[in-house]
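Here's a quick tour of a structure, written for someone who likes to check things against the coordinates. Have the viewer open and follow along.

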Amino acid sequence: MVNRAELLAGTRPEVGNRILVTEKESFEGYQVMDYKGMVWGISMRSKDVVQDFFMGFKQFVGGELSSYTELSDESRQKALDRLLASARRIGANAVINFRFEIASSPYAGNAEVVAYGNAVVIKPIVNYVPMGGLGNLIAEFVDAYTGCKTNFEPTKTYIESPAGEVIENAGYKFVVCPKCKTKYKVDTDENGKPKINGLQDADNLEPGMQIYCLKCGTKFTIPEV
Ligand SMILES: [Zn+2]
C-alpha cells in the first residue's frame, strides 16, 4: 500500500555546521525560525597606479582585462567570506536575499565589493510537501491511488430536477408543475412506473421520469404514484 506521508516524506537534511546562502526569500523545504537582521561583507582592493596605467594600455590595444577580473573574483570571495563569518557570529545558519554589489571607488585603482543579505535561522520542515505544480500533481496522484478520497461517486452529468407534487382528484392522479402549477394526469405503465400520455422521459441520465412542462418549459420529475 502506498502511503502518502512516506512517499512525500520530503524532510530536508539538517543545515548542520554550514551556512546556506540563497538569492531567494526562502529555502525550499526549510522554515525560517528566526530573523537575525542584515549581514554584509565588504572587500576593498587597491591597485597601484602603475598597474592601472597598464590596464589602460591593454584596453587601448584590445587585450583582456584579466587584472580586473582577478580583482573582482578575489574581492567577491573575500566579501562573501566576511558575510558568512558575521552570519555565523550572530548565530544564523542561512542567508536569504543574498546580493553582490561591485562599485568602483572614486579613487583610481580601487574597487569595492559588497556582499549582503538577511541572516536567518532555518530548520527543515518535517515531511515537507513540495508546493507548486509537481507537488500538487503528486498529492493528487497519491490521493487517487490510496483512496484518501474514499468515495468515488460517479460524476453527476445531470442537474437534479425538482419533483412535481402529486394530487388526487376524482380517482385520478395528477402531477403538478412546480413552477406554473399546470396539472398532468399520471398513469402507470406495466412495470408500475409513472407515465404521462403523449410525453416521453425527457432526461435519460437522471433517474426516474422527467418531463418538460408544456406550458412553462420547466423540467421536473414525476414521482412514483
Ligand atoms: Zn409549468
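## Ground rules

Before the residues come up, one cut-off is worth having in hand: buried means under 20% relative accessible area, exposed means over 50%, and partly exposed covers what falls in between. Keep in mind, too, that this is a predicted model.

## Aromatic pairs

With that cut-off, Phe100 is easy to place: its relative accessibility is 29%, so it counts as partly exposed. Phe98 comes out at 7% and therefore counts as buried. The structure has 3 aromatic pairs, and Phe98 and Phe100 make up one of them, edge-to-face, with 5.1 Å centre to centre and 75° between the planes. Phe100 has a charged visitor as well: the charged end of Arg76 sits over its ring, 4.8 Å from the centre.

Another pair is Tyr184 with Phe220, and this one is tilted, at 6.2 Å centre to centre and 50° between the planes. Tyr184 belongs to strand 7 (residues 183-188) and Phe220 to strand 10 (residues 219-222), so the pair ties together parts that are 36 residues apart in sequence. Both Tyr184 and Phe220 are buried.

## The zinc site

What holds the zinc ion? Four cysteine sulfurs do the job: the SG atoms of Cys177, Cys180, Cys213 and Cys216 coordinate the ion at 2.2 to 2.3 Å. Along the chain, the donors follow the spacing C-x2-C-x32-C-x2-C.

Why is the arrangement called tetrahedral? The 4 donor atoms subtend angles of 104 to 115° around the zinc ion, and that makes it so. For reference, the ideal angle for four tetrahedral donors is 109.5 degrees.

The ligands can be looked at one by one for accessibility. Cys177 has a relative accessible area of 0%, so it is buried, and Cys213, at 4%, counts as buried too. Cys216 reaches 31% and therefore counts as partly exposed. As for disulfides, a search of the whole structure turns up 0.

## The open sheet

Now for the strands. An open sheet of 4 strands runs in the order 5-6-7-8, with antiparallel pairing. Which strands stand at the edges? Strand 5 and strand 8 (194-195) do: each has a single partner strand, so one side of each is left without a neighbour in the sheet.

Further in, strand 6 and strand 7 run antiparallel and are joined by 4 bridges. To follow the register, start from Lys173, whose bridge partner in strand 7 is Val186. Strand 7 is also where Tyr184 of the tilted pair lies.

## Two positive phi angles

A couple of backbone spots deserve a click. Asn97 is not a glycine, yet its phi is positive, at about 55°. Where does Asn97 sit? It is in strand 3 (residues 94-104). Its relative accessible area is 23%, which means that Asn97 is partly exposed.

Ala170 also has a positive phi of about 55° without being a glycine. The setting for Ala170 is a loop, the one between strand 5 (165-169) and strand 6 (172-176). Is Ala170 buried or exposed? Its relative accessible area is 68%, so Ala170 is exposed.

Conventions: Residues are numbered from 1 along each chain as its sequence is written. This is a predicted model: local features need pLDDT of at least 70, side-chain atom pairs count only at pLDDT 80 or more; totals for chains, interfaces and linings use all residues. Side-chain values use heavy atoms; hydrogens and water are left out. Donors are N, O and S atoms within 2.8 Å of the metal (3.2 Å for Na, K and Ca); water is not among the atoms, so sites may look incomplete. Four donors count as tetrahedral if all angles lie between 85 and 135 degrees; four count as square planar and six as octahedral if opposite donors are over 155 degrees apart and all others between 65 and 115; anything else is irregular. Buried means under 20% relative accessible area, exposed over 50%, partly exposed in between (1.4 Å probe, protein chains only). Rings of Phe, Tyr and Trp (its six-membered ring) pair if their centres lie within 6.5 Å; planes under 30 degrees apart count as stacked, over 60 as edge-to-face and the rest as tilted. A charge sits over a ring if NZ of Lys or CZ of Arg is within 6 Å of the ring centre and within 35 degrees of the ring normal. A disulfide is a pair of cysteine sulfur atoms within 2.5 Å. Two strands pair if DSSP finds at least two bridges between them.
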